[in-house]
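New to this one? Take a moment to turn the model around before reading on.

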Amino acid sequence: MGDIAIVGIGEVPTASIPDRTSWDIVFDTCIEAVVDSGIAKDEIEGVISVAPIAQPVIETELAYGQLPERLGLKGVRDCAMVNAGGASTSNALRLAEQWIASGIAGSVLVQQVTVHSTMPLPQQIDAFARAGVDMQWEYPYGTTYNIIMGLLANRYMHESGASAEDMASVVTALRSWAEHDPHSLFYGRPAPSVEQVLGSELLNTPLHKRESNILADGGAALVVVSAQKAKELGTPAAYKLGDSSRYFSGTCVARDFDTVADGVRVTAAEAMARAGVTRQDIDLWNVYVAYPLAHPLMAENLGVAPAGQGARYFAEGRMSFGGDIAWSTIGDAPGRGHTGSGVGTACYVETARQLMGRAGKRQIADCRFVYQNSAGGSGFNNIATIWGKDA
């Protein structure tokens, strides 16, 4: 039985627009989500912000409780900020669930904002070189996210026999969804071919420039209530049915590959068991891992593709727009544009949008159950949740 439900969503297009301030995005997304929920603004009793990465000014303003005041939310009882990297939104929703269950807040607003376009390039590089990386054992040796993903992809390709062409097809698949997403940085732009991906600059073996991500500005918001209240509202909603999590390690170079794979499998199985569904019931695998090269491994660990065949499934177009497996329908960070922890928030908005039947050309027919995951920091954990159209 679902305990909470998402009843309102708000989002701005991901783009590099320096004149669009952080507060412009906060106002637009939060107002849209509250109006969308059908709940009066002064019925919002809790506000939770996802910590903006490498944005100290807006982070401090939000952490010190300015959002309810600036939005004129007169019914707020508590306000907080959550930071767990890419897992922040999952934890924000968990906190909202606790507030709702304990009676602290009947309606909770969760929001995220990112503005990268006004950050000087050296600052962007330094921020992502430090975030989620051990400063003693990794940072001095240049263990950046691109390096980490290259090492992971190299091992996967060695063990599975996947070719560079197979891996490049993941980008093509994810971008095929983004082409039809009005909130994507790549909306209306045809997905690059495998040849175009492999023809782009090599960052580190086997990661090409088009297999990395583009930083951009964006933001989103969710209004969360109890499952009972969602039913009373009588409008389409996304109900949380079950979840599970596993911690791996905070240091990438000390992370055991098999432990991570087992954690992804176990969290999915536990979340589905708690939700009372099976793998065959899942209509959409809304996977968030930030980098395209990790998607084949996720497909195998989730049992969507046989062992060693994840990349082949992408190469065959099965996960592409129009394919037979609905997978990451905003195209994850490679399709949406990378907005730090906000990619996770955008994925939750998409989960809600699909279950509400409002995803436009990307809408999955008769979408009833969605698997949604998030991973914290540099992948220190995995949080799996199952969301449903009905409680």
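What follows goes from the overall build to the charged side chains.

First off, keep in mind that this is a predicted model. The protein chain folds into 14 helices and 11 strands. With a radius of gyration of 20 Å, close to the 21 Å that the globule rule gives for 391 residues, the chain is as compact as a globular protein of that length. If you lay the C-alpha trace along its principal axes, you get spans of about 55 × 45 × 40 Å.

How much of the chain is tucked away? Of the 391 residues, 58% count as buried. The contacts tell you how the chain folds back on itself: looking at those with a separation of 6 or more, 75% are between residues 24 or more positions apart. As for the outside, the accessible surface comes to about 15100 Å², and carbon and sulfur atoms make up 52% of that surface.

Now for the charges. The protein chain carries 29 positive and 42 negative charges, and the mean positions of these two sets are 2 Å apart. Side chains of opposite charge can pair when their charged atoms come close. Here, the count comes to 20 salt bridges.

Three of these pairs are set out below, with the distance between nitrogen and oxygen.

| Pair | N to O distance |
|---|---|
| D42 and K41 | 2.9 Å |
| R130 and D126 | 2.9 Å |
| R265 and D262 | 2.3 Å |

Let's take them one by one. In the D42 and K41 pair, D42 is partly exposed, with a relative accessible area of 36%, and K41 is partly exposed too, at 37%.

The next pair sits in helix α5, which covers residues 121-130. R130 and D126 are 4 residues apart there, so about one helical turn separates them. R130 has a relative accessible area of 38%, which makes it partly exposed, and D126 is partly exposed at 31%.

Which helix holds R265 and D262? Both lie in helix α10 (residues 257-275). Being 3 residues apart, R265 and D262 are separated by about one helical turn. R265 is partly exposed, with a relative accessible area of 39%, and D262 is partly exposed at 38%.

Elsewhere, salt bridges link up into something bigger than a pair: by sharing partners, they join E11, D181, R336, E350, R353 and R362 into one network.

Notes:
Residues are numbered from 1 along each chain as its sequence is written. This is a predicted model: local features need pLDDT of at least 70, side-chain atom pairs count only at pLDDT 80 or more; totals for chains, interfaces and linings use all residues. Side-chain values use heavy atoms; hydrogens and water are left out. Helices (H or I, at least four residues) and strands (E, at least two) are DSSP runs, numbered from the N terminus. The radius of gyration is taken over C-alpha atoms; the globule rule is 2.2 Å times the number of residues to the power 0.38. Buried means under 20% relative accessible area, exposed over 50%, partly exposed in between (1.4 Å probe, protein chains only). Contact means heavy atoms within 4.5 Å. Accessible areas come from the Shrake-Rupley method with a 1.4 Å probe; for residues, only the protein chains shown count as cover. Lys and Arg count as positive and Asp and Glu as negative; His and the chain ends are not counted. The place of a charge is taken as NZ of Lys, CZ of Arg, CG of Asp or CD of Glu. A salt bridge is a side-chain nitrogen of Lys or Arg within 4 Å of a carboxyl oxygen of Asp or Glu.
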